Amino acid sequence: MDSNWIPFHPNPKRPDFALPEGAVDAHCHVFGPAAKFPFAPERKYTPCDAGKDKLFELRDFLGFERNVIVQATCHGKDNAALVDALRASDGKARGIASVSPDVTDAELANMDSAGVRGVRFNFVRRLVDATPKEVFTRIATRVARLGWHIVVYFEADDLQELVPFLESLPTVIVVDHMGRPDVTKGVDHPDFRRFVDLMARNDNIWCKVTCPERLTVSGPPYDDVVPYAAAIVEQFPDRVLWGTDWPHPNMKSHMPDDGALVNYIPRIAPTPEAQRKLLIDNPMRLYWAQHTGEQ
Ligand code: 0GY
């Protein structure tokens, strides 16, 4: 692993917040293990191993029932570790893959049968080399036929330029980590309003109210991120997802305690109804409902 890599927390606390039965951790990753699933040559970082067994152990310890595993950029477009984890999960995990436009129908069908339900388009320059939008559009057309959706990851500064592209996509779109707002600016700043307005205009745009540990400036317990996530949960209760982001790639300031992260949930979704939608109803609708699966 990279010399400055911070590994995931070795012994997180048991959360004080009791997750409702059936809760879904809708954003997490698997890394390797590298001996079995080598990292991609084009990767921008080399993490510690964080395989499916550790992920499923954490799921059970924290009180989640299911996972949505997102292909991490360190594995490039080789989704083998992801598919292996999905197949080993006994139906308790779904996946988001990363594919190129020359992915074959057979590869898509294999991923679909393993539990992949979407692809991720990544615009974060420190993580990936740029992909032309026409390429993403071609992929979008293919996966739309399967009934999959698209997860997008971008920095707040890039949103304005991306809006026409996002509004042209034919599927549900899930935005990672609230579009990464600068939490020193305030929820009324035009940058965050631009993101909220995008969701308000497009009812196919969902959002993960995730990663306070990544967005915070003040540090744990992430007081400075709460108003952003709480505002989105309140305005769009039926289009929000929550996840741990375990094993927390590229954290520089600190490694979060996953149990403490779970305790953050009631601060952004204060009522049992909001919690049920965020943790169960929304992810179950998006990831476990019937879909076409046909190309
Ligand atoms: C995240 C965030 C990051 C990394 C990745 O696929 C990835 O490598 O998603 C990041 O470095 O911000 O969602 O885990």
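**View 1. Met178 and its partners in this predicted model.** Leaving aside neighbours within four places in sequence, Met178 is in contact with Phe195, Cys207, Lys208, Val209, Leu215, Val225, Tyr228, Ala229 and Ile232. Step back a little and the wider setting appears: Met178 belongs to the largest nonpolar core, which has 90 residues. Phe121, Met178, Phe195, Val209, Ile232 and Trp242 are the residues with the most contacts inside that core. Helix 4, spanning residues 133–146, gives the most to this core, with six residues. There is also a second, separate core of 12 residues, and Val24, Ala26, Val68 and Tyr287 are among its members.

**View 2. The ligand and the shell around it.** Fifteen residues surround the ligand, so to speak, and here is who they are by type: five are nonpolar, five polar and five charged. Of the 15 residues around the ligand, His29, Tyr45, Thr73, Tyr153 and Asp245 come nearest. Taking polar atoms one pair at a time, an N or O atom in the side chain of Asp245 is 2.6 Å from an oxygen atom of the ligand. For Arg126, a polar side-chain atom lies 2.7 Å from a ligand oxygen atom. In the case of Arg214, the distance from a side-chain N or O atom to an oxygen atom of the ligand is 3.3 Å. Taken alone, the ligand exposes 350 Å², and the protein buries 100% of that.

**View 3. Glu213, a buried residue in helix 7.** Helix 7 covers residues 212–215 and holds Glu213. With a relative accessible area of 2%, Glu213 is buried. Not counting residues up to four places away in sequence, Glu213 touches Tyr222, Thr244, Asp245, His248, Met251, His254, Pro256 and Leu261. One of these neighbours deserves a second look: the side chains of Glu213 and His248 make a polar contact at 3.4 Å. For a sense of scale, try Val68, which is 145 residues from Glu213 along the chain; the C-alpha atoms of the two are separated by 19 Å.

**View 4. Arg180 and Tyr222, two residues with positive phi.** Most residues other than glycine have a negative phi. Arg180 is not a glycine, yet its phi is positive, at about 50 degrees. Arg180 sits in the loop between strand 6 (173–175) and helix 6 (190–201). Is Arg180 buried or exposed? At 15% relative accessibility, Arg180 counts as buried because the cut-off for that term is under 20%. Beyond its neighbours within four places in sequence, Arg180 is in contact with Arg126, Tyr153, Phe154, Glu155, Ala156, Arg214 and Leu215. Tyr222 also has a positive phi, near 70 degrees. Tyr222 is found in the loop between helix 7 and helix 8 (226–235), and is buried with a relative accessible area of 5%. Readers coming from View 3 will recognise Tyr222 as one of the residues that Glu213 touches.

**View 5. Two cis peptide bonds, each leading into a proline.** Most peptide bonds are trans. Which residues does a cis bond join here, with omega about 0 degrees? The pair is Trp246 and Pro247. Pro247 has its place in the loop between strand 8 (240–241) and helix 9 (258–263). The peptide bond from Gly32 to Pro33 is cis too, with omega near 5 degrees. Pro33 lies in the loop between strand 1 (24–28) and helix 1 (52–62).

Conventions:
Residues numbered from 1 in each chain as written. Predicted model: local features only at pLDDT ≥ 70, side-chain atom pairs only at ≥ 80, totals over all residues. Heavy atoms only, no water. Core = buried A, V, L, I, M, F, W, Y, C linked by side-chain atoms within 4.5 Å. Buried < 20%, exposed > 50% of the residue type's maximum accessible area, 1.4 Å probe, protein only. Helix = DSSP H or I, 4+ residues; strand = E, 2+ residues; numbered from the N terminus. Contact = heavy atoms within 4.5 Å. Near = heavy atom within 4 Å. Polar contact = N/O pair within 3.5 Å; in protein donor to acceptor, adjacent residues only side chain to side chain. Areas by Shrake-Rupley, 256 points an atom, 1.4 Å probe, with all protein chains shown as cover. Nonpolar A, V, L, I, M, F, W, Y, C, P; charged D, E, K, R; others polar.
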